[in-house]
Amino acid sequence: MSNEPEITNTLPPIKFRFAEFLQSASALTNAPADTGSEVAFAGRSNAGKSSAINTLTQNKKLARTSRTPGRTQLINFFTLSETQRLVDLPGYGYAKVPLKMKKEWNQHLESYLQRRQSLRGLVLLMDIRHPLTEGDEQMIGWAATASMPIHVLLTKADKLKRGPAKSTLLSVKARLAEFGDLASVQLFSSLKRDGLRELEVKLNGWLTDQSVFDDSGEAFEEQVDDSGAKDHLRPEE
Ligand SMILES: Nc1nc2c(ncn2[C@@H]2O[C@H](COP(=O)(O)OP(=O)(O)O)[C@@H](O)[C@H]2O)c(=O)[nH]1
Ligand SMILES: [Mg+2]
């Protein structure tokens, strides 16, 4: 515990285990109000997104929500507090999906990344054994166009030995070097819970950074109350 990195934000650290399902949206037009701060998780299907969200929130029920048939291709919103959200974006790269549908999802992903005001950063998950797929590169391109910060999780890091894991980390780091401070990358394993603290620190930094607001500090006038996250009822309950 003693060598954990310190969180130096003035707002209280986020309690990710209070995450609760808020709503699904098929497009930006039916997304929740674009206020406060949110962080989105994206990745190729099977990259380990549901597992990572489970690990982060210590809540298996949450990922089950996004596995509900018909919901997987929707954007799923989860509340962390009244002003902070996690967003689970549809997985891409699934071969069996018709081209027309793929194009539609692509448009939704692109417009979400480029137009969502409350979006503070994109967590991009890649299986450490198959990093930087075509779909990943497309997400990186859209994020770069929007000057959106990216944090790459090289997932299932437990599948590789230390040496190969480190060398993949370095090569992905090299790929992202052109984006400077806007991009970062780390090893992650939901199975071993490796890299969890590093992810939490990154998300805390994005979601509690008040410098993105104007002088009024609109979304953060009130102290965030932990119990606020409990106000939203899950539709299936
Ligand atoms: N060994 C290992 N397997 C993992 C890890 N994370 C996910 N998986 C497995 O990878 C598969 C896909 O994971 P899932 O979270 O459903 O991926 P998603 O489609 O991106 O949501 C499942 O069989 C998981 O058990 C991990 O950290 N280590
Ligand atoms: Mg999933």
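The paragraphs below walk through the predicted model of this protein, from its overall plan to single residues.

Taken as a whole, the protein has six helices and seven strands. Followed along the sequence, these elements come in the pattern β-β-α-α-β-β-α-β-α-β-α-β-α. Of the 237 residues in the protein, 37% are buried. Contacts across the sequence are a good thing to look at next: among contacts with a separation of 6 or more, 77% are between residues 24 or more positions apart.

The strands come together in an open sheet of seven, and a first-year reader may like to trace their order in the structure: β1-β3-β4-β2-β5-β6-β7, with mixed pairing. The edges of this sheet are β1 (residues 20–25) and β7 (residues 183–187); each has a single partner strand, so one side of each is left without a neighbour in the sheet. On average, and with direction ignored, neighbouring strands here are turned by 20° against each other. As a general point, strands of a sheet pair through backbone hydrogen bonds, and they do this in either a parallel or an antiparallel way.

Both kinds of pairing can be seen at β4. On one side, β4 (residues 84–88) pairs with β3 (residues 75–81) in the antiparallel sense, over five bridges. These two strands form a hairpin, with two residues between them. Within this pairing, Phe77 has Val87 of β4 as its bridge partner, and Thr79 stands opposite Arg85 in β4. The pairing of β4 with β2 (residues 37–43) is parallel and also has five bridges. Here Ser37 stands opposite Gln84 in β4.

How covered is β4, and which way do its residues point? The strand is mostly covered, with five of its five residues buried. Gln84, Leu86 and Asp88 point one way from β4, while Arg85 and Val87 point the other way.

Helices lie across the sheet as well. Helix α6 (residues 196–207) lies across β2, β4, β5, β6 and β7, and its direction is at about 135° to β2. Helix α5 (residues 162–176) lies across β6 (residues 150–155) and β7, running at about 170° to β7.

The largest nonpolar core has 48 residues, and Ala40, Phe41 and Leu154 touch the most other members. Strand β5 supplies the largest share of this core, with six residues. Leu154 is a helpful residue to select in a viewer. Leaving out residues up to four places away in sequence, Leu154 touches Met126, Ile128, Pro131, Thr168, Leu169, Val172, Val185, Leu187 and Phe188.

One of those partners, Val185, can be followed further. Val185 is found in strand β7. Why does Val185 count as buried? There are 22 other C-beta atoms within 10 Å of Val185, and a residue is called buried when this count is 20 or more, so Val185 passes the cut-off. Apart from neighbours within four places in sequence, Val185 is in contact with Val152, Leu154, Leu169, Val172, Lys173 and Leu176. Val185 and Leu125 are 60 residues apart in sequence, yet their C-alpha atoms are 9.7 Å apart in space.

Two residues draw attention through their backbone angles. Leu132 has a positive phi of about 55° although it is not a glycine, and Lys156 likewise has a positive phi of about 55° without being a glycine. Leu132 sits in the loop between β5 and α4, whereas Lys156 sits in the loop between β6 and α5. Are these two residues buried, or partly exposed? Lys156 has 25 other C-beta atoms within 10 Å and is therefore buried. Leu132 has 16 C-beta neighbours inside 10 Å, so Leu132 counts as partly exposed.

The model also holds a ligand. Ligand 1 is surrounded by 16 residues, of which Gly48, Lys49, Ser50, Ser51 and Leu191 are the closest. Helix α1 (residues 49–57) gives the most to this shell, with three residues. By kind, the residues of the shell around ligand 1 comprise ten polar, four charged and two nonpolar.

Notes: Residues are numbered from 1 along each chain as its sequence is written. Chains are lettered from A and ligands numbered from 1 in the order in which they are written. This is a predicted model: local features need pLDDT of at least 70, side-chain atom pairs count only at pLDDT 80 or more; totals for chains, interfaces and linings use all residues. Two strands pair if DSSP finds at least two bridges between them. Helices (H or I, at least four residues) and strands (E, at least two) are DSSP runs, numbered from the N terminus. Axes are lines fitted to C-alpha atoms, for helices over the stretch in contact, and angles run from 0 to 180 degrees between N-to-C directions. Two residues are in contact if their C-beta atoms, placed from the backbone, lie within 7 Å. A residue is buried if 20 or more other C-beta atoms lie within 10 Å of its own, exposed if 12 or fewer, and partly exposed in between; C-beta atoms are placed from the backbone. A residue is near a molecule or strand if its C-beta atom, placed from the backbone, lies within 6 Å of it. Ala, Val, Leu, Ile, Met, Phe, Trp, Tyr, Cys and Pro count as nonpolar, Asp, Glu, Lys and Arg as charged, and the others, Gly among them, as polar. A nonpolar core is a set of buried Ala, Val, Leu, Ile, Met, Phe, Trp, Tyr and Cys residues joined through C-beta atoms within 7 Å.
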